[in-house]
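Please walk through this chain with me, beginning at one pair of neighbouring strands and working outwards from there.

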Amino acid sequence: MKRASFLSDNCPPMGIYETLYAFRDSFGQFMGSPGTHPWSQGFPLTTQLAGGPPLPGSVDVTWEDRFYPKAWGHPALRSAICEHYNNFYGSKIAPENVMVFGGGRPGIYAVLAFLKKHVEVRIGNVEWPAYLDILTQTQTSWRVVPFTRENGFHPPNSAYFDRTGLNDKTHLFPIISNPGNPTGHTRHGEELRELIELAEQPKNGILLDEAYEMFHASKGVSGLRYVKDLDNSNVFLSGACTKGLQSPGIRIGWIIASKKNIETLANFSSFGMGGVSHPSQLYAAQLLEPRRVAQARDSVERHYTMQRTRYGEAFRKLGLEVYTGDGGFYHWLALPDGLSADELNRRLFKHGAAILKGFDCDMARPHDKNPDYRSPYESFFRFSFGPLLPESFDSDIALLKRVLDEYRADAARR
Ligand SMILES: Cc1ncc(COP(=O)(O)O)c(C=O)c1O
């Protein structure tokens with residue numbers, strides 16, 4: 001007799017990975033192999049950008065690096081992270097405000113795993129697919145904040161802290177990717193200051209996910225600039241070497257929070273994680289060398305603003321609705337003529353391309369794939385220009401045009 005699994009029956013891969021597996025089944029190759037068009041992929045170029053610094057080629061590993069790592073992170077990396085923020089944003093964080101994780105996701109997962117029951121998450125209706133999986137698996141309660149054409153996919157800060165219908169014991173904890181994945185909308189300057197001010201009020205907190213911190217014309221948007229009393233707050237900032245420092249494969253991320261909250265996370269590491277690879281942490285410390293980062297900020301911003309602008313213009317000419325903000329490395333787009341993102345993908349797969357469906361970014365969708373659910377974002381999709389070389393622009397646009405023309409011709413025949 002077949003035995004039922006002891007593990008959860010509701011643990012599908014994140015939406016992006018489902019697209020990857022569907023692509024492989026249709027095209028016969030993994031997305032990213034030569035000849036494919038990785039428009040669905042959320043990674044940056046991992047090679048030197050024009051005018052950017054070289055990426056370190058090696059790290060020295062000594063006998064000390066083979067010891068168990070410290071639960072909270074390598075002292076050299078914790079200091080480098082502090083300097084990184086304190087120098088650029090004028091903050092005054094100490095190493096005890098920093099906890100190192102094996103990438104951005106594990107840090108976010110750990111914060112949510114230890115949230116108290118009376119803390120309710122507020123999340124934009126359109127956000128990074130992994131949040132939905134993390135919220136579900138950590139049994140966190142959340143409500144969505146409307147993201148619509150009418151509010152430009154950029155609701156006001158106050159929408160995240162609306163207490164209508166709440167009882168007194170509920171505390172509010174928005175999760176916001178800033179710049180946003182998939183929309184590119186970015187809170188900076190006065191708007192970011194106000195967001196942090198709200199997050200520092202009693203009964204409020206925030207998890208501000210700054211994975212795309214360097215991808216904005218201001219060359220850096222961190223809420224840390226505006227935090228007044230981190231140690232007396234429930235402000236959590238998440239950062240990583242994954243995007244702006246162009247190193248997703250080294251798996252280094254961090255959480256910045258009050259010393260008390262960092263202690264809880266470090267205690268978790270002592271029994272649930274065992275710290276993070278020393279070679280990776282040493283590599284990250286090299287990436288964070290101040291002069292190197294200054295050069296990286298310039299080149300990342302220049303390259304990705306150039307790409308965002310020209311892809312956006314080309315998409316408009318193809319008849320797509322463009323709702324992208326001014327940061328990150330994604331376009332947030334709506335399809336014309338009744339075409340759904342699902343059908344677009346089926347057509348793209350044949351040509352070795354794929355996008356991320358808006359459905360996967362819908363934070364109100366059921367996690368268990370109820371077939372009756374209709375997402376408001378079925379005609380929406382995310383186009384990633386993160387991994388694209390400047391040279392692929394013309395062929396990318398030509399391919400998308402061809403697929404849209406084919407759809408229009410088929411629709412006219414029907
Ligand atoms: C919004 C957001 N946060 C965090 C991350 C970092 O993920 P990781 O470092 O685990 O790859 C990503 C990567 O896709 C992301 O898009």
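L208 stands opposite L237 in β6, and this pair belongs to a stretch in which four bridges join β5 to strand β6 (residues 235-240), the two running parallel; strands are said to pair if DSSP finds at least two bridges between them. The names follow DSSP runs numbered from the N terminus, helices being H or I runs of at least four residues and strands E runs of at least two. The model is predicted, so that local features need pLDDT of at least 70 and side-chain atom pairs count only at pLDDT 80 or more, while totals for chains, interfaces and linings use all residues. Residues are numbered from 1 along each chain, as its sequence is written.

L208 is also the bridge partner of I176, which leads back to strand β4. Here β4 and strand β5 (residues 206-209) pair in the parallel sense over three bridges, with I175 opposite L207 in β5. Both faces of β5 are covered, since I206 and L208 on one side and L207 and D209 on the other are all buried, where buried is taken to be 20 or more other C-beta atoms within 10 Å of the residue's own, exposed 12 or fewer, and partly exposed anything in between, with C-beta atoms placed from the backbone.

How many of the residues of strand β4 are buried? Six of the seven residues of β4 (residues 171-177) are, and the strand is therefore largely enclosed by the rest of the structure. Strand β2 (residues 119-124) also pairs with β4 in the parallel sense, over five bridges, and R122 there stands opposite P174 in β4.

The connection from β4 to β5 includes helix α5 (residues 189-199), and β4, α5 and β5 together make a right-handed β-α-β unit, meaning that, with the strands pointing away from the viewer, the path from the first strand over the helix to the second runs clockwise. Most residues other than glycine have a negative phi, and most peptide bonds are trans. In the loop between β4 and α5, where P179 has its place, the peptide bond from N178 to P179 is cis, with omega near -10 degrees. P182 lies in the loop between β4 and α5, and the peptide bond from N181 to P182 is cis as well, with omega near 20 degrees. K203, in the loop between α5 and β5, has a positive phi of about 70 degrees although it is not a glycine; with 16 C-beta neighbours inside 10 Å, K203 counts as partly exposed.

A second sheet can be followed further along the chain. This open sheet of four strands has the order β8-β9-β11-β10, with antiparallel pairing, and its edge strands are β8 (321-322) and β10, each of which pairs on one side only. Within this sheet, strand β9 (residues 330-334) and β11 pair in the antiparallel sense over five bridges, and W332 stands opposite R382 in β11.

Helix α9 (residues 341-349) has A341, L344, N345 and L348 as its buried residues. Seen down the axis of α9, these fall within an arc of 100 degrees, so they line one face of the helix, the arc being that of the directions from the helix axis to the C-beta atoms. What covers the buried residues of α9 includes α1 (15-27), β10 (356-357), β11 (380-384) and α10 (393-413), contact being counted where C-beta atoms, placed from the backbone, lie within 7 Å.

Methods: Contact = placed C-beta atoms within 7 Å.
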